[in-house]
Amino acid sequence: GVDVNWRNKRDYFQTGFMWVCKSNDIESVKLFLSRKDINVNLTDVCKDTGFYKACHYNSKSVIKLLLKDPRVNLMLSDDRNWSPLMAATFYGRYET
């Protein structure tokens, strides 16, 4: 089978889930979330999660979806100790 939690070591250990979160690809995010074996809180080398990337890149529809999923830890901070909301604010994503 496919490892939905595979981390690409050539791309800062990002997962496919992180990519679709930051790309605002809502249908692909839904597919990942439908998998029981998905770890939505995996981090890349900067300790960014899929939720963190969605906030950083202002992926509003993904953020709304992830806020409803109890598996998502909304408070995980990155390697600078920034929360997803702090990153969104710093990068001017005020709508987030």
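The chain holds 5 helices and 2 strands, and keep in mind that this is a predicted model. Walk along from the N terminus and the elements come in the order β-β-α-α-α-α-α. The radius of gyration is 12 Å, close to the 12 Å that the globule rule gives for 96 residues, so the chain is as compact as a globular protein of that length. Along its principal axes, the C-alpha trace spans about 40 × 25 × 20 Å.

What about the inside and the outside? Of the 96 residues, 39% count as buried. The accessible surface adds up to about 5,900 Å², and carbon and sulfur atoms own 55% of that. If you look at contacts between residues at least 6 apart in sequence, 64% of them join residues at least 24 apart. As for charge, the chain carries 15 positive and 11 negative charges, and their mean positions sit 1 Å apart.

Now for two loop residues worth a look in the viewer. Tyr12 has a positive phi although it isn't glycine, and Asn24 likewise has a positive phi without being glycine. Here they are side by side:

| Residue | Phi | Loop | Relative accessible area |
|---|---|---|---|
| Tyr12 | near 60° | between strand 1 (7-8) and strand 2 (14-15) | 56% |
| Asn24 | near 60° | between helix 1 (16-22) and helix 2 (26-33) | 35% |

Are these two buried or exposed? Tyr12 counts as exposed because its 56% is over the 50% cut-off. Asn24, at 35%, lies between the 20% and 50% cut-offs, so it is partly exposed.

Technical notes
Residues numbered from 1 in each chain as written. Predicted model: local features only at pLDDT ≥ 70, side-chain atom pairs only at ≥ 80, totals over all residues. Heavy atoms only, no water. Helix = DSSP H or I, 4+ residues; strand = E, 2+ residues; numbered from the N terminus. Rg over C-alpha atoms; globule rule 2.2 N^0.38 Å. Buried < 20%, exposed > 50% of the residue type's maximum accessible area, 1.4 Å probe, protein only. Contact = heavy atoms within 4.5 Å. Areas by Shrake-Rupley, 256 points an atom, 1.4 Å probe, with all protein chains shown as cover. Lys, Arg positive; Asp, Glu negative; His and termini not counted. Charge placed at Lys NZ, Arg CZ, Asp CG, Glu CD.
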